[in-house]
Amino acid sequence: MNCESVPICTLSVKSCQYMQLIELFTNLYQVKPKFFVRVPGRVNLIGEHIDYCGYSVCPMALDQDVLLAVSIDTDKMLHLHNTDPKFENYECSIDNIEINIKEKVPHWYQYYLCGVKGILDILPNDVNLTGMKVVVSGNVPQSAGLSSSSALVSAAALATAHSHKLSISKEKMANLCADCERYIGTQGGGMDQAIAFLANEGCAKHIEFNPLRSTDVTLPGRATFVIAHSLISMNKAATADFNCRVIECRLAAQILAYKRGVDWTKIKRLSELQQSLSLNLSQMISLVESTLHEQLYTMDEIVTELGTSFQALEATSLTPNTKQIKTFKLRQRALHVFNEALRVKTFIEVCSRGNAEGDGSNDQVLPTLGRLMSESHESLKELYECSHPQLDRLVELSKNYTFGTRLTGAGWGGCTVSLLSPENVEKYMDFLKENYYKELGIVEGFSSILFATAPRGGACIYV
């Protein structure tokens, strides 16, 4: 396992973005920033809604990033300023970090506080806390399924660790950031944070969990990916939809465990159940089909199936924002997870096989990868029910130009990712501008909502 810390690099060539950030920071705080933190957004190529079930995924980091300018202060105050004028300034004492989610949609700075708190919770007792002045900038589209919130949490944690001279490996930092994002109520699985810290330039990543480990995935030479924003925003911390899916998968795993004589109270993830039963993914699919029914499960039925009480189930399986849910779809969610895990496995094998055979231009490599992506979207739409009509429209419009298109991220809005050959990129993007965005009144400013992308590097500190 690679246990390197996040790289610290000298900012030798100051881009326009950095120069503007330095000028703004200096005017605001009357001092120059001491260091910068960059954390990329990500696009998940395949493996949606399965990381929190313990299954591997295949994302890549983006050019788009969250960028912090930071100076260290002796007053033990945290000062936050966002370059986006719609976000208010915030300050608090560094030794009194509180994250009280009272509104339906969390404030932007509460994501930042998650990262700060995560680091402060693990600092040795003899470390003196230091204040920080921070300016937050970024161009990862928000509520788009490209990990803008996780990038902000991760950047905050990295800045706090560096300010307190805490050395920590990339893997540990990724795990910590996945855990501390739960302060805001999101029961995610760790993919976003893992790719943010572990990404390597030029490669996607096959990320596996429990324990966290990653392997470079060399994509076929002619593979090009285009991101298209549906312009439907979805904040997964603002509704119970995302956490409901997490709990449905957990309940499915627990009922299957009970039926097979496994102690269901010790099973939290579908992958744990598979390991306990020593079955392959195809056998797990057969088990789901023969055991779980298609109709909705009520809470009372689940309690009866498990031979337990609501109070015991609540303590073992539910979260504060899922206690009120009365009905669950278990068969459909579990079928998506196991089939999607198989698709990830096949996707990685096809990439590896295609590269072994030459330059990856084998006639069947890109169509096969595209088919897997299309099947993924269909499963997310029909079994996991996390698509949106506008996402489905983008998928339909893409069929004549791409090998495959799927929603990426949590869904219910956000973006699609498409696989296509280089010669079709411009034609495809022009087609979407005319046949999707123009109908929504969008005729310019496409750089943040429609763009081609390639794998970029992970988080970095610049001094």
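**Exercise 1. In this predicted model, work out whether Gln-30 is buried or exposed, and what stands out about its backbone.**

Start with the surface. Gln-30 has a relative accessibility of 66%. The cut-off for exposed is over 50%, so Gln-30 counts as exposed.

Next, place it: Gln-30 sits in the loop between helix H1 (16-29) and strand S2 (35-46).

Now check the backbone. Phi of Gln-30 is near 60 degrees, a positive value in a residue other than glycine. Most residues other than glycine have a negative phi.

**Exercise 2. Find where Leu-231 lies, then classify its exposure.**

Leu-231 is in the loop between strand S9 (224-229) and H6. Its relative accessibility is 32%. Partly exposed falls between the 20% and 50% limits, so Leu-231 counts as partly exposed. While you're there, look at phi: for Leu-231 it is near 70 degrees, again positive in a residue other than glycine.

**Exercise 3. Find which peptide bond is cis between Asn-210 and its neighbour, and where that neighbour lies.**

The bond runs from Asn-210 to Pro-211, with omega near 5 degrees, and it is cis. Pro-211 lies in the loop between strand S7 (204-208) and strand S8 (213-217). For context, most peptide bonds are trans.

**Exercise 4. Describe how H6 packs against helix H9 (residues 299-306).**

Step one is geometry: the two helices pack at an angle of about 30 degrees, and their axes are 9 Å apart. Angles under 35 degrees count as roughly parallel, so that is the label for H6 and H9. H6 passes H9 in a left-handed crossing.

Step two is the residues. From H6 come Leu-251, Gln-254, Ile-255, Tyr-258 and Lys-259, and they meet Ile-302, Glu-305 and Leu-306 in H9. Sort the contact residues by type and you get five nonpolar, one polar and two charged.

**Exercise 5. Place Thr-316 and list what it touches.**

Thr-316 belongs to helix H10 (residues 310-317). Its relative accessible area is 19%; buried means under 20%, so Thr-316 is buried. Leaving out residues up to four places away in sequence, Thr-316 touches Gln-254, Trp-264, Thr-265 and Lys-268.

**Exercise 6. Map the largest nonpolar core.**

This core has 135 residues, and Leu-68, Leu-78, Tyr-112 and Phe-347 have the most contacts inside it. Helix H6 (residues 241-259) gives the most, with 11 residues. Apart from this core lies another one of 14 residues, including Ala-228 and Tyr-437.

Then zoom in on Phe-347: leaving aside neighbours within four places in sequence, its contacts include Leu-45, Cys-58, Leu-219 and Met-373.

Note on methods. Residues numbered from 1 in each chain as written. Predicted model: local features only at pLDDT ≥ 70, side-chain atom pairs only at ≥ 80, totals over all residues. Heavy atoms only, no water. Core = buried A, V, L, I, M, F, W, Y, C linked by side-chain atoms within 4.5 Å. Buried < 20%, exposed > 50% of the residue type's maximum accessible area, 1.4 Å probe, protein only. Helix = DSSP H or I, 4+ residues; strand = E, 2+ residues; numbered from the N terminus. Contact = heavy atoms within 4.5 Å. Axes fitted to C-alpha atoms, helices over the stretch in contact; angles between N-to-C directions. Parallel < 35°, antiparallel > 145°, perpendicular 65-115°, else oblique. Left-handed = near helix turned anticlockwise from the far one by under 90°. Nonpolar A, V, L, I, M, F, W, Y, C, P; charged D, E, K, R; others polar.
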